[in-house]
Amino acid sequence: MTAAQHQPSIVAISRERHAGKGWQAPASFDFAKTNHLVQISAAEIAHAARSMPLAFVQSGDRLVLVAMLSLLPGNNLFVGPGGKWLGPYIPAALRAFPFILANSGAGAAEQFTLAFDEASGLLSDEGTPFFAEDGVTPHARTSEMLQFLVQVRRGNDAVSTAVAALQAAEVLEPWPINLKDGETTRAVQGISRINEAALNKLSDDAFLALRRAGALPVAYAQLMAVQNLSVLQRLAQAQGAARQTPRVDASKLFSPAMEDEKFDWESLLKD
């Protein structure tokens, strides 16, 4: 089953269903090949902003902060040949796969439980067990994954509060990005950005309200990450070169020394 054909089958982890079963970590990021946007949590904003563009998109009844992995739906430029991740930072939501925190509540009463994507192909009779030998106590790795996803969820909620404050302050605007497709040019729809001029014109009281809502780090991270649109452009060029020229090694897209976040484009694109 290819990533494009993958239809998730999300099942809450339970003793009745998963005792005696195990799971395996994904061997590649092929599962994320069609994810062109991924939600970003509070603790990872600074890391993501150094690697990829950030934007605001509508999700249900609220705006959320996302990393843009491509401008084209269904296409993740950060997943290269063999499912290798081509950037220095991997968003938390992708690192958690095939686990998710599922909402098991009804109506406004949210209640979350650890769940597993059984269509991922990573459920097995071996691997890391879901439960300890007694079949009752969650395995340490299962508990760690739950704690990780709970932290991500709390971070998502904190960012949502911040984004709502930015929206109320009227410092968000549609992001006019035009994508060239052959001889035609089309606008990318549904994404918003910070209007820096509007942000700078806020009154002292309005600016203080944003600081109290934790919105200023979100705003400045999005502004800083705008420069990473060039990363998407170069990734698209490199992916095209990799498809056309077998000698191009897309795994060399980023230099091995990632501490300085520099891209080794010349190594990638040379014949």
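In this predicted model, strand β2, spanning residues 22–23, runs antiparallel to β9, and two bridges hold the pairing. Within that pair, Gly 22 sits across from Pro 129 of β9. The wider picture is an open sheet of three strands, ordered β8-β2-β9, with antiparallel pairing. At its edges lie β8 (123–124) and β9 (128–129), each of which has a pairing partner on one side only.

Turning to the interior, the largest nonpolar core takes in 66 residues. Leu 54, Phe 99 and Leu 166 are the ones with the most contacts inside this core. As for secondary structure, the top contributor is helix α4 (residues 140–168), which supplies seven residues to the core. Nothing odd in the general idea: nonpolar side chains tend to be buried together in soluble globular proteins. Leu 166 makes a handy spot to look around. Leaving aside residues up to four places away in sequence, Leu 166 touches Phe 56, Val 171, Leu 172 and Ile 194, along with Leu 210, Ala 215, Val 218 and Ala 219.

How far to trust all this varies along the chain, with confidence at its highest in helix α7 (residues 216–225), at a mean of 98, and at its lowest in helix α9 (residues 265–269), at 33. Overall, the chain comes out at an average pLDDT of 86, and 83% of the residues score at least 70. The stretch to watch is residues 246–271, where pLDDT stays under 50. The model still has 39 contacts for that stretch beyond four places in sequence. Coordinates predicted with low pLDDT should not be read in detail.

Notes. Residues are numbered from 1 along each chain as its sequence is written. This is a predicted model: local features need pLDDT of at least 70, side-chain atom pairs count only at pLDDT 80 or more; totals for chains, interfaces and linings use all residues. Side-chain values use heavy atoms; hydrogens and water are left out. A nonpolar core is a set of buried Ala, Val, Leu, Ile, Met, Phe, Trp, Tyr and Cys residues joined through side-chain atoms within 4.5 Å. Buried means under 20% relative accessible area, exposed over 50%, partly exposed in between (1.4 Å probe, protein chains only). Helices (H or I, at least four residues) and strands (E, at least two) are DSSP runs, numbered from the N terminus. Contact means heavy atoms within 4.5 Å. Two strands pair if DSSP finds at least two bridges between them. pLDDT is the predictor's confidence in each residue, from 0 to 100.
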